[in-house]
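Trainee: Could you help me learn to read a protein model?
Mentor: Gladly; let's look at it together.

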Amino acid sequence: MRVLIGGGSGFVGRELTRLLRHKGHEVTVISRQPGPGKITWAELESHGLPPCDGAVNLAGENLMNPLRWWNESYKKDLFSSRIDTTKSMAQAIAASSSPPHSWVLVSGVACYKPSLTAEYTEDSEWTPFDVLSQLVKEWEASALLPEGVTKNTKQVVIRSGAVLGRDGGAMKQMLLPFWLGLGGTLGSGAQPFPWIHVSDLAGIIAKSLEPPAAPPPPSPQVLNGVAPALSTNLEFTKELGRVLRRPTVLPVPGFVMNAVMGSERAVVLLQGQKVVPKRTQEAGFVYTYPDLTSALKEIVGS
Ligand SMILES: NC(=O)c1ccc[n+]([C@@H]2O[C@H](COP(=O)([O-])OP(=O)(O)OC[C@H]3O[C@@H](n4cnc5c(N)ncnc54)[C@H](OP(=O)(O)O)[C@@H]3O)[C@@H](O)[C@H]2O)c1
């Protein structure tokens with residue numbers, strides 16, 4: 001299979017590329033920078049879709065970029081880097097004379113309203129309630145293929161929780177303070193923390209890229225890209241401290257997080273959703289890291 005990965009040079013894309021190559025597939029990355037095994041977004045727009053059997057978009061300005069203040073220009077970049085790239089790929093697929101058999105977007109669980117009690121599956125109804133849920137709405141809408149034009153292309157949207165892995169994402173920023181014994185709960189710690197190990201997310205994407213067994217439905221299939229274990233921030237903090245053998249007694253108050261990150265962004269860490277991967281499991285995906293202990297042990301190498 002030939003797979004085209006928008007934003008494939010990033011944290012999730014590198015893991016997905018490793019997995020796909022290991023399975024014998026060919027990978028081409030779409031990037032802002034030219035290079036071997038890559039095409040640029042400008043080339044996609046001017047030359048159209050290169051031959052491919054599956055396509056996935058992972059491009060997007062990093063939401064947790066510690067070097068960027070939360071302001072209008074950053075928010076604009078978060079929206080345009082996701083929506084414009086997704087639109088470019090969807091348009092290229094729709095215009096192709098031989099479109100891929102699968103088209104996958106990885107979005108986020110920020111569409112589900114934070115709650116200490118509600119449990120969300122892929123069937124849960126939602127409407128935007130803040131800036132990040134509005135982002136998910138516009139992002140997912142930009143992936144839609146026009147009905148009838150590409151009726152043999154399966155469309156999949158994977159709503160990912162925080163992606164945990166050694167080489168990037170949230171863990172990269174957390175490991176040092178935890179190693180130094182400076183780790184602690186964020187806010188009350190009672191908030192749910194939806195997460196997934198990067199290798200399981202890559203596995204769900206790879207499975208979604210497989211050709212459909214039957215003619216695909218016209219609307220996208222949604223899969224929650226989270227681990228089946230429901231964890232809170234306190235459980236995550238204690239478990240990370242335990243596998244690192246470090247104390248976790250220094251909580252970070254919510255007002256500090258809001259001041260440093262901006263409250264619209266800090267919501268991702270200070271509040272959270274109980275997200276259940278109902279359809280992901282019904283579809284037969286078997287997790288390698290279903291719980292925090294196995295995931296964090298792999299990440300810290302203990
Ligand atoms: N990591 C998580 O915890 C998490 C959680 C939920 C959802 N997601 C979503 O999953 C996708 C993959 O996540 P990731 O952690 O692999 O992302 P990442 O490493 O931060 O970024 C992926 C790629 O996006 C491209 N990119 C960055 N800024 C861009 C911009 N301003 N305009 C266009 N392209 C840009 C870069 O590729 P080039 O430099 O090659 O252009 C980068 O390698 C993202 O869309 C992310 O929002 C991630």
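Mentor: Let's start at the ligand: α1 (11-22), α3, β5 and β8 (162-165) each supply at least two residues of the shell around the ligand. Helices (H or I, at least four residues) and strands (E, at least two) are DSSP runs, numbered from the N terminus. This is a predicted model, in which local features need pLDDT of at least 70 and side-chain atom pairs count only at pLDDT 80 or more, while totals for chains, interfaces and linings use all residues. Residues are numbered from 1 along each chain as its sequence is written, and side-chain values use heavy atoms, with hydrogens and water left out.

Trainee: How many residues surround the ligand, and which are the closest?
Mentor: A residue is near a molecule if one of its heavy atoms lies within 4 Å of it. Here 21 residues surround the ligand, and S9, V12, S31, R82 and V163 are the closest.

Trainee: What polar contacts does the ligand have with S9, V12 and R82?
Mentor: A polar contact is a pair of N or O atoms within 3.5 Å; within protein, one must be able to donate a hydrogen and the other to accept it, and residues adjacent in sequence count only if both atoms are side-chain atoms. S9 places a polar side-chain atom 2.6 Å from an oxygen atom of the ligand. V12 uses a backbone N or O atom, 2.8 Å from a ligand oxygen atom, and for R82 a polar side-chain atom lies 2.8 Å from an oxygen atom of the ligand. The protein covers 80% of the 890 Å² of accessible area that the ligand has on its own. Such areas come from the Shrake-Rupley method with a 1.4 Å probe; for residues, only the protein chains shown count as cover.

Trainee: What span should helix α4 have?
Mentor: The expected span of a helix is 1.5 Å times one less than its number of residues. Helix α4 (residues 131-143) has 13 residues, so it should span 18 Å; its end C-alpha atoms are 19 Å apart, which agrees.

Trainee: Which residues of α4 are buried, and what do they pack against?
Mentor: Buried means under 20% relative accessible area, exposed over 50%, and partly exposed in between (1.4 Å probe, protein chains only). Among the buried residues of α4 are V131, L132, L135 and W139. Contact means heavy atoms within 4.5 Å, and the buried residues of α4 pack against α3 (72-95), β5 (102-108), β7 (154-160) and α9 (263-270). In α9, the buried residues are R265, A266, V267 and L270; their cover includes α3, α4 and α8 (254-261).

Trainee: Is S160 buried or exposed?
Mentor: S160, in strand β7, counts as buried because its relative accessibility is 9%. Leaving aside neighbours within four places in sequence, S160 is in contact with residues including V106, I196 and G225.

Trainee: What about E235, in helix α7 (residues 233-244)?
Mentor: E235 counts as partly exposed because its relative accessibility is 42%. A polar atom of the E235 side chain lies 2.8 Å from the backbone nitrogen of T232. E235 also touches L230 and L292, not counting residues up to four places away in sequence.

Trainee: What is the phi of R245?
Mentor: Most residues other than glycine have a negative phi. R245 has a positive phi of about 55° although it is not a glycine. R245 sits in the loop between α7 and α8 and, at 69% relative accessibility, counts as exposed.
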